[in-house]
Amino acid sequence: MSVQSSKQFVDLVVDLDGTLIATDLLWESIFQLLKKNMLYLFVLPFWALKGKGNLKHQISQRVCINPALLPYRQDFLEFLREEHSKGRRIVLATGAARQFAEPIAAHIGLFDAVYATDETRNLTSKLKTEFLLKTFDGRSFAYAGNSRADIPVFEAASEAIVVAPDRAAAKWQHAHSVRMFEAPKTSWRTFFRMLRVHQWMKNTLIFVPPTLDHEITNWVTLSAALIAFVAFSAAASAIYILNDLFDLPLDRQHARKRSRPFASGVFSIPFGLRIAFLLLVIAGLLAMQLPWAFSVVLGVYIIATTAYSLSLKRMLLIDVLMLAGLYTLRVLAGAAATNIAGSFWLLAFSSFFFLSLALVKRYVELQSTTLLEKDRIAGRGYRQSDREVVAQCGVASAFAAATVLALYVDSDSVVRLYSYPWMIWPLCPIVLYLNIRIWILAHRGEMHEDPVVFIISDWRSQVMIAIGAALLLYGGARA
């Protein structure tokens, strides 16, 4: 393979998936199709039986991709703009469906021709090589690609440019010393962001039942709670990954979420699926070490949170009720893992308390939106005009939680558990302080989007929680 020194006289053929954009449109479109209707999961194999080209074509007839939201490789795109300004002819040749490729080419505005997959032909690898050789009919062309499937085209081109290569393409680039645009560097911090490790703090709710039942110092109980915590965290991270894959277009419209690993294209969709599957296996294996009731709760959590990600999050009020229920499920998981009977008082309190926090999340989203009063937030069932009603419901839920706690403190259950029940009464104003302060900060525009994470990380909240824990401890459990 010879290397051309005069680039402007050689047409530059550019791949799309993984090269011009840091994502794969087939995978993205599959997730968008399933988000519309999960029953397509049973139709996809029949489309694939008629060929990958037919699969891509059928999906593209039912899914729209917004070119403006895709994660373009900016350094490579800038290179293409420079080449175009020199008068170089640039061609887009992609295995993506034509219904996706043409709008993207129009959006970029650099391409002189577009060749893409149609219903009968999947324009990748050897088929792409044969097509380009026939199209150029003996004329030299340069080619920019990123994957193992592009290696046959590299071999046929007079000049190769490797962009953010996979392992096979990187090995080929190293052997031939051609020009390369490297992919953004990843780190453990990026990996942890994908898993949303900071969200694992929510799973500390698993320790609430054994703590309130004064069994947390029992090693058997504590070890069961720890196993449950890890299992729940693994399952939660798996669902977070799937949620991110379904929400790619919405995340890319969000000022903060657009930098998430999948929305930005740092990690590929197949990589995310492999990690999610591994995490679910880990969660299942750990659940087998605990009472069967925990597996039931974990299974309900996985189903419920998946349903939330696919559709329930877009339903007015159903979304916040579901969020509050998911928090309460964590409490139930702690009780199930440690064989502690569930408490009516605890479940009632947690339902109202977490409903208030779920409403905070929606209030913050409504507060930060720039949409008109009558327009809905993307992916939500709320309008900006709903903000005050959401706030009123949230504050009311906060007081309802405190009321349930007050009734519990005055119940026979506290008398049986504590030598000094009067020491538990300050928990009521502490709960009100935690919740109402969050609402005041939200009203000021100073609230973190996730109030549960805020409570756990905020030092003032930590002080209040520590005081509450001390009161529970020194209230004195009866032997």
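## Arg 193 in helix H9

Let's start with a single side chain: Arg 193 is partly exposed, with a relative accessible area of 39%. That value belongs between the limits of 20% for buried and 50% for exposed. Please keep in mind that this is a predicted model.

Arg 193 has its place in helix H9, which covers residues 188-195. What does Arg 193 touch, once its neighbours within four places in sequence are left aside? The answer is Ser 259, Arg 260 and Pro 261. For Pro 261, the C-alpha atom is separated from that of Arg 193 by 7.3 Å, although the two residues are 68 residues apart along the chain.

## The six-stranded sheet

Now to the sheet, where a walk from strand to strand helps. Six strands form an open sheet in the order E3-E2-E1-E4-E5-E6, and their pairing is parallel. At the edges are strand E3 (113-117) and E6, each of which pairs on one side only. On average, neighbouring strands of this sheet are turned by 20° against each other, with direction ignored.

## Strand E5 and its neighbours

Strand E5 deserves a closer look. Is strand E5 (residues 159-163) enclosed or open to the outside? Five of its five residues are buried, so E5 is largely enclosed by the rest of the structure. Glu 159, Ile 161 and Val 163 point one way from the strand, Ala 160 and Val 162 point the other way, and all are buried.

On one pairing, E5 runs parallel to strand E4 (residues 141-145), joined to it by four bridges. Within this pairing, Tyr 143 has Ala 160 of E5 as its bridge partner, and Ala 142 is partnered by Glu 159. Helix H7 (residues 151-156) completes the picture here: E4, H7 and E5 make a right-handed β-α-β unit.

E5 also pairs with strand E6 (residues 179-181), again in the parallel sense, over three bridges. One of the partnerships links Val 163 to Phe 181 of E6. From E5 the chain crosses through helix H8 (residues 167-176) to reach E6, and this β-α-β crossover is right-handed.

## Helix H3 under cover

Next comes a helix that is well hidden. Eight of the nine residues of helix H3 (residues 52-60) are buried, so H3 is largely enclosed by the rest of the structure. The buried residues are Gly 53, Asn 54, Leu 55, Lys 56, His 57, Gln 58, Ile 59 and Ser 60.

Which elements cover them? The cover includes helix H1 (25-36), helix H2 (44-49) and helix H5 (98-108), together with strands E2 (90-97) and E3. E3 returns here from the sheet, where it is an edge strand.

## Helices H11 and H15

Our last stop is a helix pair. Helix H11 (residues 219-246) packs against helix H15 (residues 318-337) at an angle of about 145°, and their axes are 9 Å apart. The crossing of these two helices is right-handed.

H11 brings Ala 224, Ala 228, Phe 232 and Tyr 240 to the contact, while H15 brings Leu 329, Arg 330, Ala 333 and Ala 337. By class, seven of the contact residues are nonpolar, none is polar and one is charged. The charged residue is Arg 330 of H15, because Arg counts as charged whereas Ala, Phe, Tyr and Leu count as nonpolar.

Note on methods: Residues numbered from 1 in each chain as written. Predicted model: local features only at pLDDT ≥ 70, side-chain atom pairs only at ≥ 80, totals over all residues. Heavy atoms only, no water. Buried < 20%, exposed > 50% of the residue type's maximum accessible area, 1.4 Å probe, protein only. Pairing = 2+ DSSP bridges. Right-handed = clockwise from strand over helix to strand, strands pointing away. Axes fitted to C-alpha atoms, helices over the stretch in contact; angles between N-to-C directions. Left-handed = near helix turned anticlockwise from the far one by under 90°. Contact = heavy atoms within 4.5 Å.
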